[in-house]
Amino acid sequence: ILIPALQISDSESVGLEDDIEESAYLTESKMNENKPGDSQNLACVFCRKSDDCPNKYGEKKTKEKWNLTVHYYCLLMSSGIWQRGKEEEGVYGFLIEDIRKEVNRASKLKCCVCKKNGASIGCVAPRCKRSYHFPCGLQRECIFQFTGNFASFCWNHRPVQIITSNNYRESLPCTICLEFIEPIPSYNILRSPCCKNAWFHRDCLQVQAINAGVFFFRCTICSNSDIFQKEMLRMGIHIPEKDASWELEENAYQELLQHHERCDVRRCRCKEGRDYNAPDSKWEIKRCQCCGSSGTHLACSSLRSWEQNWECLECRGIIYNSGEFQKAKKHVLPNSNNVGITDCLLEESSPKLPRQSPGSQSKDLLRQGSKFRRNVSTLLIELGFQIKKKTKRLYINKANIWTSALDAFRNQNFNPSYAIEVAYVIENDNFGSEHPGSKQEFLSLLMQHLENSSLFEGSLSKNLSLNSQALKENLYYEAGKMLAISLVHGGPSPGFFSKTLFNCLVYGPENTQPILDDVSDFDVAQIIIRINTATTVADLKSVINECYNYLEVIGCLRLVTTLSDKYMLVKDILVYHVIQRVQAPFESFKQGLKTLGVLEKIQAYPEAFCSILCHKPESLSAKILSDLFTVHTLPDVKALGFWNSYLQAVEDGKSTTTMEDILIFATGCSSIPPAGFKPTPSIECLHVDFPVGNKCNNCLAIPVTNTYKEFQENMDFTIRNTLKLEKEESSHYIGH
């Protein structure tokens, strides 16, 4: 029987094709739901792919009860579905009925890539009508943002990384897989927002993010997490809210918790063997107080009690036989041993303990209060062992100390572990003349400039400021680097850190509570005081209403029901203004302070470093200066008597100079550096009319005179006028 063909118009034909394809899509989805068997072969109801690739499509989830299979990313990025249930309901909180409605909605939308129905994801750009499946979007290099509203962007409207200038002529390695790539931002090549030289493959970043999770995913160069994660989320990297995969392995770090329990001395006297350990007896194992990786029985090293200090041969050879250690021992910082751990805490001490890395557990015995407390000068000298004999000359303009120091430290040939030589130059000097300078004087001037720079705010105890230009120029990192270099290379005590800044560095911002003294902004301080002094709920609400805009901007608006709510509000404002507001400068400064291992040492021995970072050095006295300067040449007894009398007169205020003036004149420093002077300050008695200070050698030549009066007048005149002239020259150059 022949049936005549129906006459169908073109428009009717297109509509019919769409209806047939929609029907086919729903039928296929239905067949997929009802198909029993291995879940690996079941296709996702959204993209209709059976691939099980968590890195690309997310976890593949099958609900046998509902005969439903979905890819996590396909479900998450679908435009018409919301998570209305709890996490354990449906599929990741997406209800089954909502998933079916979304599948039905998508069946009417054609994918602009594969031309098949079921395109559940749409571009969020205004007036863009492109829809696509998740795998098709990946194929066409669309970007899916796994944050906020989970937006999706097609290939024409996706966000891009804008690089103002590209000075890279050669290929650079991906900092994850180390394969060389062209340093040009594209879909597959991404650059770190915090490190200019860090480039990545997109696939490498995605695998790293899935393995590391939100708690450990950070820049591979500087370890910044906040800025780095924000940019990677914008560029479509999924960062799951889970712990790192290596943290989930059972007993993954068990070996790090094991203590060394073996006698390593040359002749072990224990009959039970080197591994025998009997606590509270002479056969108890005592570990080396420096490295913790060697041990001895108490009896084998003639130790009377466990509390006695003991070092292994290797550590003893490095530290106690070092000439540097002996020199430092002679001129320790006054009262540096009297700083207790309580001096380092805030006014309201936190019950939380400082975080420790697994490796630091072997050093716990070194920090048990009165049993063993390290001297800060010894710690800095240990860091100084990194300094090599190779020297690097820095050309410094004293009139512009900051810029010339910045140029010197940023020079590609500069290495923090090289010994530093200083040569002073004059800007715009046509003759190019230079003369030797004092390294410790240069570091002292640099620290003075740093203390008074715009990178810090506050009067005496300073916190980091928020300077966008300095942040852009990476100056906070440079400041931390300069401070670390200064400490290791024999510079002065900074002494201007607030306790809050110090605690943030040691214990972390999350374990630190700022106080009102940390707020240098007068208006913000007034807001805090008004809130704190409110006596009724009505007064409190009135203050909040007046400051509504400010509190809303900083995210500290909260519902107030009782008067005690004011304390939480004040705490929120303090945390925002002192810590959260300067989070980017803090992370940058912290990275710079890691130079030469200084930050790690600070975190290991906070009680020692608090004395030099948060407190100014103790005022100099006649006895301190008298003990500080040694006599190298055959002394003139009369002149030395005048010298000691002069020091006492200066201390008693009977002179126009100060103790600090004398030290600056001879060494360039106004205080004794924590690591001591190198070389040791010395005195010479010369038959000259006026004293001569050699800052490069820390040598002071005092005049040989007939009377004490003449001696004091010559000393006062020379020291006072020399320092005055140096200040005038400095201000003259700065003015020009």
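## Cysteines without bridges

Let's start with something that isn't here: the count of disulfides comes to zero. Keep in mind that this is a predicted model, and that a disulfide here would need a pair of cysteine sulfur atoms within 2.5 Å.

Why does Cys270 have no bond to Cys268? The closest cysteine sulfur to that of Cys270 is the one in Cys268, and at 5.4 Å it is too far away for a bond. Cys270 itself counts as buried, since its relative accessibility is 9%. Cys556 is buried too, with a relative accessible area of 4%.

## The chain as a whole

Now for the big picture. The protein chain has 26 helices and 21 strands. It runs to 736 residues, and 46% of them count as buried.

What about the outside? About 39,400 Å² of the protein chain is exposed, and carbon and sulfur atoms supply 50% of that area. As for how the chain meets itself, take the contacts with a separation of 6 or more: residues 24 or more positions apart account for 61% of them.

## A hairpin early on

Have a look at strands E1 (residues 60–63) and E2, which run antiparallel and are joined by four bridges. One of the pairings puts Thr62 together with Thr69 in E2. The two strands form a hairpin, with four residues between them. In the turn you'll find Asn67, which has a positive phi of about 50°.

Which way do the side chains of E2 (residues 68–71) point? Leu68 and Val70 point one way, while Thr69 and His71 point the other way. Buried or exposed? All of these E2 residues are buried.

## One side of helix H4

Helix H4 covers residues 96–106. Its buried residues include Ile96, Ile99, Val103 and Ala106, and Asp98 and Glu102 are buried as well. These buried residues cover an arc of only 160° around the axis, so they sit on the same side of H4.

## A three-stranded sheet with a helix across it

Further along the chain there's an open sheet of three strands, in the order E13-E14-E15, with mixed pairing. Strands E13 (388–396) and E15 (434–437) stand at the edges; each has a single partner strand, so one side of each is left without a neighbour in the sheet. From one strand to the next, the twist averages 35°.

E13 pairs with E14 (residues 418–425) in the parallel sense, over seven bridges. To spot this pairing in the structure, find Arg393, which stands opposite Glu421 in E14. Then there's helix H12 (residues 439–451), which lies across E13, E14 and E15 and runs at about 80° to E14.

## Parallel strands later in the chain

Here's a quick bit of background: strands of a sheet pair through backbone hydrogen bonds, and the pairing can be parallel or antiparallel. Which sense do E18 and E19 show? Strand E18 (residues 630–631) runs parallel to strand E19 (residues 682–686), and two bridges join them. Thr630 is a handy marker, as it stands opposite Ser682 in E19.

E19 also pairs with strand E21 (residues 699–703), again in the parallel sense, this time over five bridges. Among the residues involved is Glu684, whose bridge partner in E21 is Ala701.

Methods
Residues are numbered from 1 along each chain as its sequence is written. This is a predicted model: local features need pLDDT of at least 70, side-chain atom pairs count only at pLDDT 80 or more; totals for chains, interfaces and linings use all residues. Side-chain values use heavy atoms; hydrogens and water are left out. Buried means under 20% relative accessible area, exposed over 50%, partly exposed in between (1.4 Å probe, protein chains only). Two strands pair if DSSP finds at least two bridges between them. Contact means heavy atoms within 4.5 Å. Accessible areas come from the Shrake-Rupley method with a 1.4 Å probe; for residues, only the protein chains shown count as cover. Axes are lines fitted to C-alpha atoms, for helices over the stretch in contact, and angles run from 0 to 180 degrees between N-to-C directions. The arc is that of the directions from the helix axis to the C-beta atoms.
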